[in-house]
Amino acid sequence: MDVLVESLEGKKVGVAVSGGMDSMALLHWFINKRQRLNISLVAINFDHGLRKTSRDDSLFVTDYCQKNNIPCLFYKLDLPKNQNIENAARKARYNIFYELLKKDLDIIATAHHAQDNAETVLLHLFRGCGLKGAGGIRYKTPEGIIRPLLYTPKEDIERYVKENNIPYVTDETNLKTDYDRNYIRLEVLPKILQRFPFAVKNITEFAKTAKTDDDFISGFVKELEQKDGEVYLPLEEFERPASVINRTILKALNILGVSVDLEQKHIELIKSLKDKQTGSRLDIKNQVIAIKDYNRITLTRLSQEKFQNFSAPFEVGDIRLPTGLLKVSIEQKIDTNFVKKSKDLYIDADKMPKDCVIRYRREGDTINKFGGGGKATLKEYFIDKKIPSRKRGFIPVVAKDNNIYAILGLTISEDVKITSESKAIYKLTYLEDHNG
């Protein structure tokens, strides 16, 4: 089994160990070589809590480490259920890796091998990627994560495990094709290998070449100005070769913490802003937005904190909000049956207090529920309507003090409902930005 490691002498090395064949093989190799390498060795294990046997797998790893006199760092993960579970699990693991590398360890080794790399390249290609995605898994990250088995064939690992009688466990979820990677591993790649036996080796070599070329082109990317969580792309950057523009955009997105599942469509969205009017805005990914300014495109991340101080007077006309456009007009008599079917909101202008503002939710907000039901906190209303918590901070309201008179796109307060006696009516048309 070929293991690619640089000089690790005197370093503290962590090995990520799930209990599966690959990670157990890597841990066994490091245990046997630790004296020659002159390293301090620890294992790192995670219980994702996604299946009944995950705790047993962790106990297997900790027991193995105890028998081999290896410290084992154990982490029980609490993963959000409303996200892509693969991405959420990976993010949680790597956040812990990064913290360990800052405080306790010099290097962390994972057991990604040649077939993993081939699967990653195919997955990136199928989803739509550029040269960077075609480069597959990196042998080493800037933070200090290494993949010593990255160019080792899976069959070599299997042979090593058999020859050394290394115990391991099998994660049954790896046998399900629900996940994209498992589908490629179990359905796609075996059929490719039947026709092209050297496919994994050739994909690996292709990935190496793609990475080398990508690194060369990336050398032409300039440093980007950034301030207060915003990254700026000067318009003149978009006159450079497309390969450089694409990497400049990727760099900007990475600065904002977006690095997983980026596709060419996200890059093209940002590039499309160049020829749009100043003030144009697009939602890109993971609450990152791109805004066309006068001489640049600004990338920033939507956050509830940014909206806490936003406030615009409620008045007739077009009002630009961080999350869209509100059109307020005055209507006269209107058919109440039409109002019930309309997506717009209608408010009795004479019942509206003076000095109302458009803003986003704040502590203590309440609304008198339309149609009866009495007063409720804004949080209670959102829960009742099953609005996800991650979205609540981005929904604009019309309010005075903590009294809510309209929740844009959703409802109005009973206090300002129109009747047959209403003489002047505000019509509220909210155009939320959904691009990307």
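**Figure 1. Hairpin of strands S18 and S19 in the predicted model.** Strands S18 and S19 form a hairpin in which two residues lie between the strands. Asp-401, located in the turn, has a positive phi of about 55 degrees. S18 comprises residues 396-400, and S19 comprises residues 403-407. The two strands pair in the antiparallel sense over four bridges, and Lys-400 stands opposite Asn-403 of S19. S18 also pairs with strand S15 (residues 357-360), to which four bridges join S18 in an antiparallel arrangement. Within this second pairing, Val-398 of S18 is the bridge partner of Ile-358. Because four of the five residues of S18 are buried, the strand is largely enclosed by the rest of the structure.

**Figure 2. The open sheet of five strands, S6-S7-S10-S9-S8.** The strands of this open sheet follow the order S6-S7-S10-S9-S8, and the pairing is antiparallel. Strand S6 (226-227) and strand S8 (281-285) occupy the edges; each has a single partner strand, so one side of each is left without a neighbour in the sheet. Strand S7 (residues 230-234) is joined to strand S10 (residues 296-301) by five bridges in the antiparallel sense, with Leu-233 standing opposite Ile-297 in S10. At the other end of the order, S8 and S9 pair over four bridges, likewise antiparallel. Ile-289 in S9 is the bridge partner of Asp-283.

**Figure 3. Helices H9 and H10 lying across the sheet of five strands.** Helix H9 (residues 242-255) lies across S6, S7, S8, strand S9 (288-292) and S10. The direction of H9 is at about 170 degrees to S7. Helix H10 (residues 264-272) lies across S7, S8, S9 and S10, and runs at about 165 degrees to S8. Is edge strand S8 mostly covered or mostly uncovered? S8 is mostly covered, with four of its five residues buried. The edge position of S8 concerns its partners in the sheet, where S8 has a single partner strand.

**Figure 4. The open sheet of four strands, S12-S13-S21-S14.** This open sheet has the strand order S12-S13-S21-S14 and antiparallel pairing. Strand S12 (317-321) and strand S14 (345-348) stand at the edges, and since each has a single partner strand, one side of each is left without a neighbour in the sheet. From one strand to the next, the twist averages 25 degrees. Strand S13 (residues 324-331) and strand S21 (residues 425-432) are joined by eight bridges in the antiparallel sense. Leu-325 has Leu-431 in S21 as its bridge partner.

**Figure 5. The buried and exposed sides of helix H6.** Helix H6 spans residues 154-163, and its buried residues are Lys-154, Asp-156, Ile-157, Tyr-160 and Val-161. These residues cover an arc of only 160 degrees around the axis, which puts them on the same side of H6. The buried residues of H6 pack against helix H1 (21-37) and helix H4 (114-127). On the other side of H6, Lys-162 and Glu-163 are exposed. Asn-165 follows H6 and has a positive phi, near 50 degrees.

**Figure 6. The surroundings of Ser-58 in helix H2.** Ser-58 is located in helix H2, which spans residues 54-67. With a relative accessible area of 2%, Ser-58 is buried, because this value falls under the 20% cut-off. When residues up to four places away in sequence are not counted, Ser-58 touches Asn-45, Phe-46, Asp-47 and Phe-74.

**Figure 7. The protein chain as the setting of the close-up views.** The protein chain contains 14 helices and 21 strands. Along the principal axes, its C-alpha atoms fill a box of roughly 90 × 50 × 45 Å. The radius of gyration of the protein chain is 28 Å, whereas a compact globule of 436 residues would have a value near 22 Å. Buried residues account for 46% of the 436 residues. Of the contacts with a separation of 6 or more, 69% are between residues 24 or more positions apart. The chain exposes about 23,600 Å², of which carbon and sulfur atoms supply 48%.

Conventions:
Residues numbered from 1 in each chain as written. Predicted model: local features only at pLDDT ≥ 70, side-chain atom pairs only at ≥ 80, totals over all residues. Heavy atoms only, no water. Buried < 20%, exposed > 50% of the residue type's maximum accessible area, 1.4 Å probe, protein only. Arc of directions from axis to C-beta. Contact = heavy atoms within 4.5 Å. Pairing = 2+ DSSP bridges. Axes fitted to C-alpha atoms, helices over the stretch in contact; angles between N-to-C directions. Rg over C-alpha atoms; globule rule 2.2 N^0.38 Å. Areas by Shrake-Rupley, 256 points an atom, 1.4 Å probe, with all protein chains shown as cover.
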